[in-house]
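Please work through the following exercises with the sequence and the structure open beside you, trying each task before you read its solution.

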Amino acid sequence: MVRSSLILAALVVSGALSAFADVASANAAFRAGEYDLALQEIAGEKSADAHALRARAILAKVMCSGREPDLASLKDALAAAEGALKLEAGHGEGRLQKAIALSLLTRPMSLSEANKSGYGLKAKALAEGVLADDPENHYALGFLAVWHVEVHRRGGALGAAVMGASLKTARKYYAEAVRLAPEDAGLRWQWARALAGYDAKKYHAEIVAELEAALAIDPQTDLDRVMQERAAVLLEVVETQKPRETEKTAQEML
């Protein structure tokens, strides 16, 4: 079964680091890609911010491992995000990290299993809630842009209609996200990856342009660097392989 995901996980995982002033040392470790150290730094912290950062560090570690996400880590991240929301029901980062964790849990599922779980719609609702509170949150915008593309890829036109997914809406979200954050490498990488997984032939020129844009950005975190490395790999595949091979490669990447 082709591996797949309903979201742009790494994009939101690399979210607003400045929001966690009370866990500055853990933030510094996160930026350097030292995720175990970041988790150690906040081991005793019980604030909503700390729970959300714990979820983000776990998910970043999963994303950078080079392996398929393991179920135990995803459940730990989900529990941490839910911990943030128990303390602050409207916590933006907590909602985004919960959306990522839920979406990654659908990755090994068949389409029917994913639909039955309800995780995709829950993830969408969480991101839409963040956007309703903060219309300029480009992480939520990027998340939703890729969500709409990947629902189309997995479910086809019928599945997209059932789930309320729209390619027009995806483009609207992405255009706004890029307007707000043109120098976010993860944003551009995830959009290119989603298009490449969906229809590599139709969107070839756009995919190449977005991957090249991602590679031209100065990375701000170690996670950005990892995403750029993946952009370089996919760009080579796009430029040297047939569309079907490109689609397969993109669908297997995080």
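The exercises below concern a predicted model, and each task is followed by a solution in steps.

**Exercise 1. Helix packing**

Task: Determine at what angle helix α9 and helix α11 pack, and how far apart their axes are.

Solution: Begin by locating the two elements, helix α9 at residues 138-163 and helix α11 at residues 185-199. Their packing angle is about 5 degrees, and the axes are 9 Å apart. Because an angle under 35 degrees counts as roughly parallel, α9 is roughly parallel to α11.

Next, list the residues that make the contact: α9 contributes His138, Gly142, Ala145, Val146, Val149, Glu150, His152 and Arg153, while α11 contributes Leu187, Gln190, Trp191, Arg193, Ala194, Leu195, Gly197 and Tyr198. Sorted by class, the contact of α9 with α11 consists of eight nonpolar, five polar and three charged residues.

**Exercise 2. Aromatic pairs**

Task: Find how many aromatic pairs a search of the whole structure gives, and then describe the geometry of the pair formed by Tyr174 and Trp191.

Solution: The search of the whole structure finds three aromatic pairs. In one of these, Tyr174 and Trp191 have ring centres 4.4 Å apart and planes at 5 degrees to each other, and the pair is stacked. The pair links distant parts of the chain, with Tyr174 in helix α10 (residues 167-180) and Trp191 in helix α11, 17 residues apart. To judge burial, apply the cut-off of under 20% relative accessible area: Tyr174 has 6% relative accessibility and therefore counts as buried, and Trp191, with a relative accessible area of 1%, is buried.

Turn then to Tyr198 and Tyr203, which form a stacked aromatic pair at 6.2 Å centre to centre, with 25 degrees between the planes. Here Tyr198, at 26% relative accessibility, counts as partly exposed, whereas Tyr203 is buried with a relative accessible area of 11%.

**Exercise 3. Charges over rings**

Task: Identify which ring face Arg56 lies over, and which one Lys172 lies over.

Solution: Arg56 lies over the face of Phe30, at a distance of 4.7 Å from the ring centre. Lys172, for its part, lies over the face of Tyr173, at 5.2 Å from the ring centre.

**Exercise 4. Residues in their surroundings**

Task: For Ala214, decide whether the residue is buried or exposed, and state which residues it touches beyond four places in sequence.

Solution: First place Ala214 in helix α12 (residues 204-215). At 1% relative accessibility, Ala214 counts as buried. Not counting residues up to four places away in sequence, Ala214 touches Ala185, Arg188, Trp189, Gln228 and Ala231. For Ala185, the separation along the chain is 29 residues, yet its C-alpha atom is 4.5 Å from that of Ala214.

Task: Now take Gly159 and Val162 of helix α9, and ask of each whether it is buried or exposed.

Solution: Gly159 lies in helix α9 and is buried, with a relative accessible area of 19%. Val162 lies in helix α9 too, but Val162 is exposed, with a relative accessible area of 65%. As for distances, the C-alpha atoms of Gly159 and Ala181 are separated by 31 Å, with these positions 22 residues apart along the chain. Those of Val162 and Val151, 11 residues apart along the chain, are separated by 9.9 Å.

**Exercise 5. What covers a helix, and what meets a helix end**

Task: State which residues of helix α14 are buried and what covers them, and then which residues Leu87 is in contact with.

Solution: In helix α14 (residues 243-252), the residues Thr246, Glu247, Thr249, Ala250 and Gln251 are buried. The elements covering the buried residues of α14 include α9, α11 and α13 (222-240).

Moving on to Leu87, place this residue in helix α5 (residues 71-87). With neighbours within four places in sequence left aside, Leu87 is in contact with Lys46, Ser47, Ala48 and His51. By comparison, the C-alpha atoms of Leu87 and Gly156, 69 residues apart along the chain, are separated by 38 Å.

Notes. Residues are numbered from 1 along each chain as its sequence is written. This is a predicted model: local features need pLDDT of at least 70, side-chain atom pairs count only at pLDDT 80 or more; totals for chains, interfaces and linings use all residues. Side-chain values use heavy atoms; hydrogens and water are left out. Axes are lines fitted to C-alpha atoms, for helices over the stretch in contact, and angles run from 0 to 180 degrees between N-to-C directions. Helices (H or I, at least four residues) and strands (E, at least two) are DSSP runs, numbered from the N terminus. Angles under 35 degrees count as roughly parallel, over 145 as roughly antiparallel, 65 to 115 as roughly perpendicular and the rest as oblique. Contact means heavy atoms within 4.5 Å. Ala, Val, Leu, Ile, Met, Phe, Trp, Tyr, Cys and Pro count as nonpolar, Asp, Glu, Lys and Arg as charged, and the others, Gly among them, as polar. Rings of Phe, Tyr and Trp (its six-membered ring) pair if their centres lie within 6.5 Å; planes under 30 degrees apart count as stacked, over 60 as edge-to-face and the rest as tilted. Buried means under 20% relative accessible area, exposed over 50%, partly exposed in between (1.4 Å probe, protein chains only). A charge sits over a ring if NZ of Lys or CZ of Arg is within 6 Å of the ring centre and within 35 degrees of the ring normal.
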